[in-house]
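Q: Hey, can you walk me through this structure? I'm new to this, so plain words please.

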Amino acid sequence: MNTLRPPHLALAIGLAAVWGVNFVVMQVGLEHFPPLLYAGLRFAMAAFPALLLVGRPAVPWRWIAAVAATTGAGQFALLLVGMRAGMPAGLTSLVLQMQVLFTILFAVTLLGERLTARRVTGLAVAFGGLALVALDFGASGPIGAFALCVAAAAAWGLGNIAQRKAAPPDSLRFMVWVSALSSPPLLLLSLWLEGVPTLTAPLEGWLSLLYVAFVSTLVGFGVWGFLLRRYDASTVAPYTLLVPVFGMTSAALFTGEPLTWLRVAAAALIVTGVLYAGTRRRTPAPSSREPGKTALAK
């Protein structure tokens, strides 16, 4: 199926809003936790005690491990270290959407999916909007931090392909187990690179963890897997281009990042391009009348 039904379209847009606000929430959390510890705690909280309740998913372990290594530990280790190194929330929400390019590239090369002219046109319009936003932001972040966020986008794109191949029948159960396998390597890396944790963060730090663990991770990736199981990866992925719209707006409201008219225009291009790429051109139904006959002919 190549076109999202209206309820699934609403899910995709709602998911973009959750993930957009998530960047501001993570920025708050990184003020109180080291990045690898924050990522490890995120997945530990998402996995337990849910792990004791959901049972094992009906998916081979290799696919659970693949998604945990890419979408889980890989993406968020790179992303959070990049944010801690200087990438602001709004700009990060934009750069991470390069995962759409990586997802489509991996879907075409690894899964043999086809790109229609309509989808290519819509993506071109959307990425024109992303280019405007990047131009407006300028080179405001350190090059190393930027490179880490691009690497995080590549990890997410590869994880999308692994999750589509896994096709878990229960997305929530699958994400619980992905979280369980993502947490140990992140916590071990944190212990090695960041030292013994103190866990003395204030309430806002723990509230940040609750949001990213339960709303963004369990609910968010549960919805994401639900959509990937029903549609081509190259159909679902473009809707994440809406994430920077919500990310930049929430960053402007809560952290004071500027939101200029150029960024508003760019956001409009992104929305237009995503909607165009995600819908299928209507073709008129074939007429049952024979050529040359009118409606009054018998």
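Q: Is the crossing of α2 and α4 left-handed or right-handed?

A: The crossing of α2 and α4 is right-handed. Just keep in mind that we're looking at a predicted model here.

Q: OK, and which residues of α2 and α4 make the contact?

A: On the α2 side you've got Pro35, Leu36, Tyr38, Ala39, Arg42 and Phe43. From α4 come Gly72, Phe76, Ala77, Leu80, Val81 and Arg84.

Q: How does that contact of α2 with α4 split up by class?

A: By class there are 9 nonpolar, 1 polar and 2 charged residues in it.

Q: Back up a bit. At what angle do the axes of α2 and α4 cross?

A: They cross at roughly 140°, and the axes come within 8 Å. For orientation, α2 covers residues 35-47 and α4 covers residues 61-84.

Q: So are those two parallel, antiparallel, perpendicular or oblique to each other?

A: Oblique. An angle has to be over 145 degrees to count as roughly antiparallel, and the α2 and α4 axes cross at roughly 140°, so the pair is called oblique.

Q: Why do you keep giving me both an angle and a distance?

A: Because two packed helices are described by the angle between their axes and the distance between the axes.

Q: Fair. What about α4 and α8, at what angle do they pack?

A: About 160°, with the axes 8 Å apart. Helix α8 is residues 143-166. That angle makes α4 roughly antiparallel to α8.

Q: And is the crossing of α4 and α8 left-handed or right-handed?

A: That crossing is left-handed. If you sort the contact of α4 with α8 by class, you get 16 nonpolar, 8 polar and 1 charged residues.

Q: Let's zoom out. How many helices and strands does the chain have?

A: There are 13 helices and 0 strands. Reading from the N terminus, every element you meet is an α.

Q: How much of the chain is buried?

A: Buried residues make up 49% of the 298 residues. The chain exposes about 13700 Å², and carbon and sulfur atoms supply 70% of that area.

Q: What about contacts between residues far along the sequence, what share joins residues at least 24 apart?

A: 92%, if you look at contacts between residues at least 6 apart in sequence.

Q: Got an example of two residues apart in sequence, and how many Å apart are they in space?

A: Try Val215 and Trp19: they're 196 residues apart in sequence and 9.1 Å apart in space, C-alpha to C-alpha.

Q: Where does Val215 lie, and what does it touch?

A: Val215 lies in helix α10, which is residues 203-230. Leaving out residues up to four places away in sequence, Val215 touches Val18, Leu210 and Gly220. With a relative accessible area of 31%, Val215 is partly exposed.

Q: New topic: which residue in the loop between α8 and α9 has a positive phi?

A: That's Ala167, with a phi of about 45° although it isn't a glycine. Ala167 is found in the loop between α8 and α9, and at 35% relative accessibility Ala167 counts as partly exposed.

Q: And what's the phi of Leu199?

A: Leu199 has a positive phi of about 55°, and Leu199 isn't a glycine. You'll find Leu199 in the loop between α9 and α10.

Q: Is Leu199 buried, partly exposed or exposed?

A: Partly exposed, with a relative accessible area of 43%.

Methods: Residues numbered from 1 in each chain as written. Predicted model: local features only at pLDDT ≥ 70, side-chain atom pairs only at ≥ 80, totals over all residues. Heavy atoms only, no water. Axes fitted to C-alpha atoms, helices over the stretch in contact; angles between N-to-C directions. Helix = DSSP H or I, 4+ residues; strand = E, 2+ residues; numbered from the N terminus. Parallel < 35°, antiparallel > 145°, perpendicular 65-115°, else oblique. Left-handed = near helix turned anticlockwise from the far one by under 90°. Contact = heavy atoms within 4.5 Å. Nonpolar A, V, L, I, M, F, W, Y, C, P; charged D, E, K, R; others polar. Buried < 20%, exposed > 50% of the residue type's maximum accessible area, 1.4 Å probe, protein only. Areas by Shrake-Rupley, 256 points an atom, 1.4 Å probe, with all protein chains shown as cover.
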